[in-house]
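Let's take a walk through this structure together, one piece at a time. Have the sequence and the 3D view open as you read.

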Amino acid sequence: MAVAGCGTHQVMIIDRSGEIVTPANTLVAIEWTRVLDDTSTAKITVHPDGDCCDKLSLIRSWRHKLVVFRDGRPVWEGPILQIEWKIGVVEITAGDVLAWLDRRVPHETRDFKATDLTDIAEWLIEDGFDPDDPGHEVMVVSKTGILGDRSYTVDTDQTGDHLRDLAETGLDYTAVGSTIVLLPEDHTAVVGALTDTDMPEGLVVAEDGVALATRWVVQGDEELGVIGSAGGLGDYYGLLERSLENTSVKDNAGAAAAALSRLRASYPVPAFIDTQEVTISPDAAINVPTLVPGWCLDITSTLTCRKIAQRMKITGVKVQEDGDGERVQVQLAPTGANTGV
């Protein structure tokens, strides 16, 4: 059975051509993350020695990328965004493969009618990378089952922003290495389970009443008069309404699906477990490379007054290593698929 363990990291700096610029042999500290529906980052601090300093002086943003390995297994990669050369240390920050899509625009005008959001996302990604592909793959876990209308105009707005708009209406995506993973928002496949003993620093069971809404309204394209809603008067909570504008939605069915997507995340009031500041025990029965946003963990807590067992979606992962060892943290959100109360 796999356990989290205490990983050791290695980093390579790679040129656009695929050639190795330099390994980061004297790694002082590293932090890499994975996030849901956005671009993750990694940051390394290197103490250069020997000819490493000369090689690190040649690094350039966007020309080169970081590739991060944990115990010899690749876990993260993406273009370097910022470099700071200091006396005795070099600090490098990078974004994952999705960072390129924040520097790309649609390269043709395209209208979609009653098209699954997954297919629209695939087109956006492939169109964005078509003129200059740094090396990427797309993995579709399954279609969303949500059909919508969308319109994109050549050279208008950033491709990354278009993807984020889709993620507000029933699609999830994340980056794992050079692969962009597309999956439905209601995906609930489990990659592990955690209990109180796996989080020895303790945790907080919280109820997020601010997030509660019993009815959502999504206003789409104003010129087309697009609007959709989901939910209504609740027997237990009464009526709590929220309204959102998303002008990328071009049809009423798509707006209704977007409203339902919002409703799933906010009703009933989510009782969740806050693990943002909690480090997972090295003995926890999870495999760190499989902690991918969009997948789920079964979390059980019996040490607080609110005993809870809940399936929760991974929305973020943070892994840090420095002189004090490795720390693994996860950010989790309710899925609505509770395993018990």
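**A sheet, a helix and a histidine**

In this predicted model, a good place to begin is an open sheet of 3 strands, arranged in the order β16-β15-β17 with mixed pairing. Its edge strands are β16, covering residues 227-231, and β17, covering 241-245; each of them pairs on one side only. From one strand to the next, the twist averages 15°.

Strands of a sheet pair through backbone hydrogen bonds, and they can do this either parallel or antiparallel. Here, β15 (residues 215-219) and β17 run parallel, joined by 5 bridges. If you would like one pair to find on your screen, look at Val 217, whose bridge partner in β17 is Ser 243.

Now bring the helix into view. Helix α4, made of residues 252-266, lies across β15, β16 and β17. Relative to β16, helix α4 runs at about 35°.

Next, let's turn to a single side chain. Where does His 187 sit? Its place is in the loop between β12 (179-184) and β13 (190-195). Is His 187 buried or exposed? His 187 counts as buried because its relative accessibility is 15%, and buried means under 20%.

What surrounds His 187 in the fold? Leaving aside neighbours within four places in sequence, His 187 is in contact with Val 141, Gly 294, Trp 295, Cys 296 and Lys 313. Trp 295 deserves a second look: its side chain makes a polar contact with the side chain of His 187, at 3.5 Å.

Notes: Residues are numbered from 1 along each chain as its sequence is written. This is a predicted model: local features need pLDDT of at least 70, side-chain atom pairs count only at pLDDT 80 or more; totals for chains, interfaces and linings use all residues. Side-chain values use heavy atoms; hydrogens and water are left out. Two strands pair if DSSP finds at least two bridges between them. Helices (H or I, at least four residues) and strands (E, at least two) are DSSP runs, numbered from the N terminus. Axes are lines fitted to C-alpha atoms, for helices over the stretch in contact, and angles run from 0 to 180 degrees between N-to-C directions. Contact means heavy atoms within 4.5 Å. Buried means under 20% relative accessible area, exposed over 50%, partly exposed in between (1.4 Å probe, protein chains only). A polar contact is a pair of N or O atoms within 3.5 Å; within protein, one must be able to donate a hydrogen and the other to accept it, and residues adjacent in sequence count only if both atoms are side-chain atoms.
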